[in-house]
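Biologist: Could you take me through one part of this model in some detail? I'd like to hear about the aromatic rings and the pocket that goes with this part of the talk.

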Amino acid sequence: MEIPVIKMDELYGEKRSETMTLLHDACAQWGFFWVENHGINDDIMDKFKELVNKHYEENMEKNFYSSKIAKTLSPDKVASNVDWECSFMYHHQPKSNVHDIPELLRTTVPEYAEEVVKLAEQLAEVMSENLGLDKDYLKKAFCKPSLGIKVAKYPRCSHPEVVMGLRGHTDAGGIILLFQDDLVPGLEFMKDGKRISIPPTQGNRIFVNLGDQIEVISNGIYKSICHQVLPNQNGSRLSIATFYNPGADAIIFPAPKLTYPSQYRFQDYLNFYSTTKFTDKVSRFQNTKMVFK
């Protein structure tokens, strides 16, 4: 199965309708996709990656292999409650903690955050439109959205069979935008009951997945998907994940337009179904709600 690829520039040209449909299907059927032509400055992305790797080699790597987690790794014992990762978190909005992150990165990380938040807002707008909502619906529902960046390295692991890089989970928030390693694999997502390996990034692509709050707001039309990270015996994997999340005080609920019809007679539904059987299920429920108010 080939992971959907959304070319952001085609959302605003002759291929808009086709690309909007592709995006809707990616959100509804996959819960994750690649984005290309996203407008984030390549020089900033390259510099960010270079500086993170430098900081890891000079500081994080030694500290990690001296940690309790690394010292207790054993080929004879599965570490079921451990994540083989080292990371730090940068909070960009509503309040920055730039002085808490490594000094080497204090200029570049905010620059990258300013770029990636624009992409997150673009995606929120077109996703809202695809759901039949006002284009600013998701941004308003998030109520002063927060934005944070988790910078992680998944160190080379001598016994990857006994530990997870990051245990399986769905993301709690909204829209997650991942800038990841271009050489070392490890990320896996579920699709139709099977694990799909997400290949290393090519050409500064951004990998996007949806969090739990998007599933709730979309009334289950869009999905948050379980994923995990496997450690690697041959190299350390870079992960720069940006979380575009609801603000702390946001009240989350399904968009009223998207809730199922409150009630209807089954025969009436069958009559409607007979003429719409081969259309999209989501559209059918939305139409049913309007017909059977």
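Modeller: Here is a walk through the ring pairs, then the charges over rings, then the second largest pocket.

Keep in mind that this is a predicted model. There are 10 aromatic pairs in the structure. Take Trp30 and Phe32: the ring centres are 5.6 Å apart and the planes meet at 85 degrees, so the pair counts as edge-to-face. How buried or exposed are these two? Trp30 has a relative accessible area of 10%, so it's buried, and Phe32 is buried too, at 0%. The cut-off for buried is under 20% relative accessible area.

Another edge-to-face pair is Phe48 with Tyr112, at 5.0 Å centre to centre and with 65 degrees between the planes. What does that pair tie together? Phe48 belongs to helix H2 (residues 42-65) and Tyr112 to helix H4 (residues 108-130), so the contact links parts that are 64 residues apart in sequence. Phe48 is buried, with 0% relative accessible area, and Tyr112 also counts as buried, with a relative accessibility of 0%.

Back to Trp30 for a moment. Ring pairs join Trp30 and Phe32 with Trp34, Phe189 and Phe207 in a cluster. Trp30 has a charge to deal with as well: the charged end of Lys191 sits over its ring, 4.8 Å from the centre. A similar arrangement turns up at Tyr56, where the charged end of Lys153 sits over the ring, 4.9 Å from its centre.

Now the second largest pocket, which holds about 210 Å³ of space. Its lining is made of 18 residues, and those nearest the pocket centre are Leu166, His169, His227, Ser239 and Ala241. Which strands supply the lining? At least two residues each come from E5 (146-154), E7 (166-169), E8 (175-180), E9 (187-191), E11 (206-210), E12 (227-229) and E13 (237-245). Strand E13 gives the largest share, four residues. Sorted by class, the lining has 11 nonpolar residues, four polar ones and three charged ones.

If you want to follow this on screen, the ring cluster of Trp30, Phe32, Trp34, Phe189 and Phe207 is one place to start, and the five residues nearest the centre of the second largest pocket, Leu166, His169, His227, Ser239 and Ala241, are another.

Technical notes
Residues are numbered from 1 along each chain as its sequence is written. This is a predicted model: local features need pLDDT of at least 70, side-chain atom pairs count only at pLDDT 80 or more; totals for chains, interfaces and linings use all residues. Side-chain values use heavy atoms; hydrogens and water are left out. On a 1 Å grid over the protein atoms alone, a cavity is a set of points where a 1.4 Å probe fits but cannot get out, and a pocket is an open set with protein on both sides within 12 Å along at least five of seven lines; lining residues have an atom within 4 Å of a point. Grid points are joined across faces, edges and corners, and a volume is the space filled by probe spheres set on the points. Ala, Val, Leu, Ile, Met, Phe, Trp, Tyr, Cys and Pro count as nonpolar, Asp, Glu, Lys and Arg as charged, and the others, Gly among them, as polar. Rings of Phe, Tyr and Trp (its six-membered ring) pair if their centres lie within 6.5 Å; planes under 30 degrees apart count as stacked, over 60 as edge-to-face and the rest as tilted. Buried means under 20% relative accessible area, exposed over 50%, partly exposed in between (1.4 Å probe, protein chains only). A charge sits over a ring if NZ of Lys or CZ of Arg is within 6 Å of the ring centre and within 35 degrees of the ring normal.
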